[in-house]
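Good morning, colleagues. I shall speak on the ligand shell first, then on the domains and one sheet.

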Amino acid sequence: MKLSNFGKKFTGDSGIVELMDDLSSALSENPDMIFMGGGNPGRLPAVEAVFQQRLEAILADPARRHSLFGVYQSPQGDRDFRRQIADFLNREFGWGLSAQNIAVSNGSQSAFFILYNMFAGVMPDGTRRSIHLPLAPEYIGYGDIGLSDNFFTATRPSIELLGDHLFKYHVDFSHLASAEDIGALCVSRPTNPTGNVLTDEEMAHLDAIARSRDIPLIIDGAYGLPFPGILFTQARPQWNDNTILTLSLSKLGLPGVRTGIVIARQDIIRAFTNANTVVSLACGNLGPALATALFDSGEILTLSRDHIAPYYRERSQHAVQCFRDQLGDLPYHIHKPEGAIFLWLWFEGLPITSQALYQRLKRRGVLVVPGQNFFVGIDGDWPHRHECLRVSYAQDPDTIRRGVTIIAEEVRAAYSG
Ligand SMILES: Cc1ncc(COP(=O)(O)O)c(C=O)c1O
């Protein structure tokens, strides 16, 4: 097979391909595998019941059933759905949006492919721009999305040790200031993999930097504000006409419907929609059909507040306790869990790489994600990048406890050589 540069880049190995492969193949290799790897959300019966009722109501109505299965929506997404989202965001936050500020995508992952390549890569004058990540480690799924090489740059974070085996990354603004040739800044908030939530002050500072450089600030709210609201700390949702906010229905419990939502200035949305038409023609109808009424009723917020956030808050506390119980006085650190569905573990001075640890754990029937591929855009040799693991706590507490026990055994074995 003779492949183009595009073909070579996009058909090869990458962190996200390995992660998704693991997710699908591990179970067939070992049906008892403990899944603490991918980003699947937990199962919340109360939330599932809401979606089940909606689906049944749609299927019982021939006209709605037809519009679910039998029509292409406009490439920007169903107009009523977009209007309802805009009205909801205006009611809650006064952002002054219309349906023209909203576009739907087939999952937010595909929205990032378009948005990032819109703003970075080779520019018309031949110069190059990068997507800059002010705080890496960042989402593994960004890593291979660029059409050209050296697509991402990132600022190495500062590390605050909080005591009691907890730590927190902060944006190192002194180093961010020297980053050049940037097409956009991007942060996930809460951050996958670390569970970090950038503070309102950090967000205001990033907004000011983006404006002063005349580039957009892209905020990936896949776990965040205003929904699914998986945050365990106070934070304000942020949007203005220099912000591109991406949201997703996935972590509400609907990763299978592949619905992402982009909120931006109208010219950006028009450009995005044109590109999305070329790539996808139109977006899936199921996600908007299931979620649309939740915006009018405000249920999207109550589901998040009453069910989704408490579920993950409890799971995160339980997972931290399990690690404390099992790891004892080993030189481990856990990133302060402020949101999302993962713990980020840092094993300082680990004698083996996190990749080797991941392999050993897989052989023991525990699937986690090794940390190195999350250091998107970070150059240079930094031992830290080989000392971290991402562990999902979306599963039931008993599974987590069993998984943590095995992780702790392997980590202890690695430290004692
Ligand atoms: C931070 C972050 N952004 C974006 C995505 C993509 O989500 P989706 O394409 O399902 O909307 C994920 C998926 O796990 C994620 O963790």
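The shell around the ligand divides into three nonpolar, ten polar and one charged residue. In this scheme Ala, Val, Leu, Ile, Met, Phe, Trp, Tyr, Cys and Pro count as nonpolar, Asp, Glu, Lys and Arg as charged, and the others, Gly among them, as polar. This is a predicted model: local features need pLDDT of at least 70, side-chain atom pairs count only at pLDDT 80 or more, and totals for chains, interfaces and linings use all residues. Residues are numbered from 1 along each chain as its sequence is written.

Which residues come nearest to the ligand? Of the 14 around the ligand, they are G39, G107, S108, Q109 and S248; a residue is near if its C-beta atom, placed from the backbone, lies within 6 Å.

I turn to the domains. An automatic or database domain assignment divides the chain into domain 1 (12-46 + 303-415) and domain 2 (71-297). Their contact takes 39 residues from domain 1 and 41 residues from domain 2, where contact requires C-beta atoms, placed from the backbone, within 7 Å. On the domain 1 side, α11 (299-327) gives the largest share, eight residues. By class, that side has 21 nonpolar, twelve polar and six charged residues.

Finally, the sheet. Six strands form an open sheet with mixed pairing, in the order β6-β7-β12-β13-β16-β15. Pairing requires at least two DSSP bridges; helices (H or I, at least four residues) and strands (E, at least two) are DSSP runs numbered from the N terminus. Strands β12 (residues 332-335) and β13 (residues 342-347) run antiparallel, joined by three bridges.

How values were computed: Contact = placed C-beta atoms within 7 Å.
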